[in-house]
Structure formats: structure tokens, C-alpha cells
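Biologist: Can you walk me through this one? I'd like to hear about the ligand and the aromatic rings.

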Amino acid sequence: MSLLEVPLSFDCYDNPMKLNELKLTNPYLDLPQECHDRVKPSPLNEPFLIHANPYVARLLDIDEEELYTQDFVRFVNGDYHPQGSDTFAMCYAGHQFGHFVPRLGDGRAINIGTVNGWHLQLKGAGQTKYSRSGDGRAVLRSSIREYLMSEAMYGLGIETTRALAIIGSNHSVYRQEWEKGAIVLRVSPSWVRFGTFEYFAHKKKYKEHEALIDYAIAESYPHLETEADKYILFFTEVVGKTARLLAKWQAVGFNHGVMNTDNMSIHGLTIDYGPYAFLDIYDQNNICNHTDQYGRYSFGNQPNVADWNLRALMTALSPVISIEKMEKVMGHYGRLYTRAYLYEMGRKLGFERVNEDDLELIHQLLGALQGLNVDYTLFFRTLSRYDGERKEILSLCLYHGPMNDWLDAYDERLKENKEGVQARHEAMLKANPKYVLKNYMLQEAIDAAEREEYALVDDLFKIAQDPFAEHPEYERWAGETPEEFRNAKLSCSS
Ligand code: AMP
Ligand code: MG
């Protein structure tokens, strides 16, 4: 089930639970022992709540009042163990920047159990067997980024993990300097990664490998369990979900930054938020990760990298699933991606129907935007009110020629719409967010948090949840990114 299709459990309004009533299960621990390592969290010193997400609390049947108790802080700190909790880290491998690393695993994430199909994980809760030389911690700045961004992606209608809460602490963690440690309690319907399969394939542990495939089908594609061809259908669905996810990233202007195979979800979710960015100025070649010297994970290359990653998954699955059949499925990836992208861009452009010919118009637009110094989000929001008067749109562009040419073609294409201008505007305002959480906005919230002021986290959380609304009180974040902060690269250190 897609994350966005998970219904809010309205039962919980009648029957919200206290933490001491919560009952966790641990389905992943039924897998062979090689798949995980039982490990206890190492709590942070002097923890305190920074923010909690009442909407995620509802998914877990947790009473909202519980979120503001001392026991809840202990819970997020790995220091309060609800009934049934059995903590563990998951093992996986992965291709990092194209190079195979045979063993990675949850080096700083500790799973604490499952409620209503949501697997709870503490990111930054200390070392595990898979920490390698890492300290098992996460710093405040990267934790705020993950906490807010996963909610922002959800608000935009993009499949993602989410988070129940973030806590800060007085725990010192060393990166390039001393910083404060934090923990995000994240939730997901699956934490299985492409790299999880790569681990067992590389180790030639075929019994575990097959058990993991069956587990992933039961967890993420339960409708396939009784199908005779369930394995190839499983791969086909992973390819389809990944293609659709990538189409959404590209349409909204999201640059993930670290598309290693260990950061690719078998459930088709956006996972592991690191040095990501929303585009400020539109640039196909945008690189948001400081470590990405050659632009492997540049914005424009993301759909190709997903293809590469799916092929790595295909190789890993080949001991169990016919490679010829998987090759055939991969032959459709490009078409699946293009179709999904057309759909997303058609919505952004206010077309009532899309057809293959629209691709040319879309490419003409992207070609025009490249080099016009245009804020990607602002451009589409402005276009959402376009009624033939070009002044406002042209004022966003460095030169007018390419945009005027494109608007001529766009005007022509809009004639195919049957409904009026008003209906198009309404539809486009629901497809083109007014706000995305750009890095400079997050940085402002982080700078304040480092001064122990957390109001901006709450403000950005509100925007994240409803990015299509006007929010006049946050108007200052709706414009162009200030020049000095545009298209910045971020470090992977977190
Ligand atoms: P990431 O780039 O955050 O997806 O992490 C890549 C790998 O490094 C994963 O296996 C992480 O668990 C591990 N890792 C990252 N940071 C740390 C840390 N501070 N301590 C231990 N392991 C880490
Ligand atoms: Mg990761």
C-alpha cells in the first residue's frame, strides 16, 4: 500500500492509547538471524522534546496528550520500553557512488518495534554492530532536516517515511566541531532497501535471501502473496513504484543527493534525508551533495541513477528471479518513468489531459528555464495564475525571448482545455506548491535551534503540512531564495 493511501485510523479518536498501553510487535525478527542484530539504544544525556507530530501519533494510536510527557521523551530517547519492544539494527550492503560496499547496515538507527504496520526506528540512538567507525549519533542540524523534510514530502503528496518526534540533548557529538546530538523517531511501512538484497546475494546466503523476498512481498506487496508469478511481479512493482517516485521528485524539483542503493526503498519511498535540496534556481545540473564531485547524483541525472540502481537490485535478485524476465521489465522503466513524469508535469501545467506530444513542450520549457535564472517553485506558482498577461512571468526571467516563445506555444496548447481559466487556475494551485522547504529556510530554523529557540521548527512544520495553502504569515518564504543562499552544496557529515 502506498504510504499516502494509508488511512488515518479514526478508531484512535475513540480509543487513543497511553504509552504504557502500546503493544509493539517485531515481524522483522522472524527472519533468519543474519538479517539483524539485537542491540539496545544508548540514550542521550539530558534529552528534551523539540517537536512531536500529532498526525503520526494518530497513525500509531498514541494519545496526543502523551506526546508532551516526560515518558514520551524517554521513549524517543530509547529509554522507555513499551510492551513487546525488542530492539535491533538491520543489516544491508549497498553501492555507494557506484562502488559496492559489502556490509553497511543500520549504523545509527535502532528499530524498536511495529504498530499498525508502521515500523518505528530511532535515528541517532547509538552504535550497533554495523556502525563501522561511526559514533551511532546524529547531530541536531541533520535531525531537524530529516524531521521537517519527511513531513514536507508527505504534504506534497510524495511517498516518504515520516517522523513521530525529534528530541534534542546536551550530548556532545563531534563532526568538524562539537555539536549537540539529537534523535528522530522515524516511521515507515518498510525499512527494506535495495541494498538489503545486495547483502545476501553477495554473501550467497540464498535461504536468507529468499526469506527476505517473501518478507518484502508480505510487507509491501501483500496482494501478490498468492500469485504464482509473485517474484517477477514483485520486481515489476518495485520498478513501477520507483519510476513514479522519481517522476514526482523531478516534477517538484527535489534533489535527493545520495542515491546509493542502500538509500533506495523497496517500497518506493523517499528515505534517508541527507544533503538533499529543493531547486532554488532551475538547473538540470544542480548538485546538492558536496561529496558528489562528478554529479552522479545531480538533479537531472536522478532518473538514470534510479535505472542503474534498479539494475543493481536486479542482479541481486537474480539467484531467485529469472534475469531474462527482469531484463524485460527493466526495458519498460524508461517508458514508465516518462509516462509518470508527463502526468505530473501535465498537472503542473494545468492540462486537462496529457499526451506524448506534450513532452516536446515540457522539454522546450525546461530548456528555456535553464539559464533564465528562474526560481523553479515560484515560476510554476506564478504560472498557476497566468491568464494571458505575461508581465509577471517575464519579470522572473533574466531574458524574455525564450520564455515568450514558450508562452506562445503554451497559449496554443491551452486551447485544448475544455474548462475555463478559473478551473485551470484552481487545479494548478493544487499542483504547484507555494512553499517548499528550501535549504536556506531549514538553515534559519537550525541556526535558531542552535540558540535553543525552536519556534521556527514549528513554523516550517506548518508550511510542510500544507504547502499549497497561502499562509500569508509566512509570505517571506514564498519568494526567490536570497542570492547568497542559492543552489548551495551541503556536506554529507551528519
Ligand atoms: P547515510 O549516508 O546516512 O545513508 O549512511 C550510510 C551508512 O553509514 C549507513 O550504513 C549508516 O548507518 C552509516 N552511518 C552514517 N553515519 C553514521 C554514524 N554517525 N555512526 C554510525 N554509522 C553511520
Ligand atoms: Mg542511508
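Modeller: Here come the ligand site and then the ring pairs. This is a predicted model, where local features need pLDDT of at least 70, side-chain atom pairs count only at pLDDT 80 or more, and totals for chains, interfaces and linings use all residues. Residues are numbered from 1 along each chain as its sequence is written, ligands are numbered from 1 in the order written, and side-chain values use heavy atoms, without hydrogens or water.

Biologist: How many residues surround ligand 1?

Modeller: 16, with G105, G107, R132, D135 and G136 the closest; near means a heavy atom within 4 Å.

Biologist: Which polar backbone atom is 2.7 Å from an oxygen of ligand 1?

Modeller: One belongs to G105, and G107 also has one at 2.7 Å from a ligand oxygen. A side-chain N or O atom of R132 is 2.9 Å from an oxygen of ligand 1. Polar contacts here are N or O pairs within 3.5 Å.

Biologist: How much of ligand 1 does the protein cover?

Modeller: 81% of the 480 Å² accessible on its own, by Shrake-Rupley with a 1.4 Å probe.

Biologist: Switching to rings, how many aromatic pairs are there?

Modeller: 27, counting ring centres within 6.5 Å. Y147 and F461 are stacked, because their centres are 6.0 Å apart and their planes at 15°; stacked means under 30 degrees.

Definitions and conventions. A polar contact is a pair of N or O atoms within 3.5 Å; within protein, one must be able to donate a hydrogen and the other to accept it, and residues adjacent in sequence count only if both atoms are side-chain atoms. Rings of Phe, Tyr and Trp (its six-membered ring) pair if their centres lie within 6.5 Å; planes under 30 degrees apart count as stacked, over 60 as edge-to-face and the rest as tilted.
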